[in-house]
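Hi everyone, thanks for coming. Let me put the model up on the screen, and then I'll walk you through a few spots.

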Amino acid sequence: MTRSLFLTIASQASLAITLCICVLIRPSVLISLPQGGLSNYGTESQTIVVFSVGFWVATVFLLIAAKKSQDIRLKKTMSFFAVLLALLIISTYPYRINTFFENIHILIGFTVGTFQLISAYLLARWVHFDNVSRIAGLFLLGSIITGISTIFSTGLLFTSQLLGGLGYGTLLVHYANFKETKGESNV
């Protein structure tokens with residue numbers, strides 16, 4: 001296993017573990033209707049430290065993995081995703097202060113979701129739409145539900161963000177693994 005693949009897996013594991021811990025500490029974000037988004041964990045006193053550490057660790061791991069990757073597509077995808085994730089984290093802390101910060105956070109969140117949808121399609125295409133990418137694509141429907149949930153206030157924001165994140169993380173790791181095992185790179 002290359003260092004880049006290990007760090008890609010570690011970044012996604014960091015996000016998953018962080019969210020599991022946050023849900024255990026404060027399950028009301030998940031089980032209440034309407035659901036809040038993942039960012040609620042970045043503003044709650046009980047979960048802000050766990051949220052911050054987990055998301056920043058994932059961001060740093062993605063940046064290092066991108067730097068170590070031999071594949072230019074993966075390098076660009078992970079670098080851009082890490083920057084968007086950092087902006088999302090930074091915008092999380094003040095988003096409850098006023099409408100201005102809330103709108104910035106929503107715009108960044110929308111940008112992250114859009115990037116995930118576009119790059120997920122490309123990642124799946126680059127592995128020739130194999131079975132893993134098809135299954136992960138189903139989870140990415142969560143991203144579409146996120147958009148619908150945000151626009152129409154359906155109350156399923158957290159669940160849809162979890163599904164979208166799971167699908168995207170799976171595709172990111174799968175593409176990194178695909179490139180490593182095939183020995184291919186787009187340098």
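Let's start at the surface, where L117, I118, L141, I144, I145, I148 and L156 make a nonpolar patch of about 570 Å². Patch residues here have over 30% relative accessible area and no salt bridge, with nonpolar side chains (Val, Leu, Ile, Met, Phe, Trp, Tyr) joined within 5 Å and like charges within 9 Å. A salt bridge means a Lys or Arg side-chain nitrogen within 4 Å of an Asp or Glu carboxyl oxygen, and areas are Shrake-Rupley with a 1.4 Å probe, only the protein chains shown counting as cover for residues.

This is a predicted model: local features need pLDDT of at least 70 and side-chain atom pairs 80 or more, while totals for chains, interfaces and linings use all residues. Residues are numbered from 1 along each chain as its sequence is written, and side-chain values use heavy atoms, without hydrogens or water.

Which elements give two or more residues to the patch? They are α5 (99–126) and α6 (131–152), with α6 giving the most, 4 residues. Helices are DSSP runs of H or I, at least four residues, numbered from the N terminus. L141 lies in α6 and counts as partly exposed because its relative accessibility is 44%; that class sits between buried, under 20%, and exposed, over 50%.

Now over to T47, in the loop between α2 (28–31) and α3 (48–68). T47 counts as buried, because its relative accessibility is 0%. Leaving out residues up to four places away in sequence, T47 touches C22, I25, R26, N40 and Y41, contact meaning heavy atoms within 4.5 Å. Thanks, everyone!

Technical notes
Buried means under 20% relative accessible area, exposed over 50%, partly exposed in between (1.4 Å probe, protein chains only).
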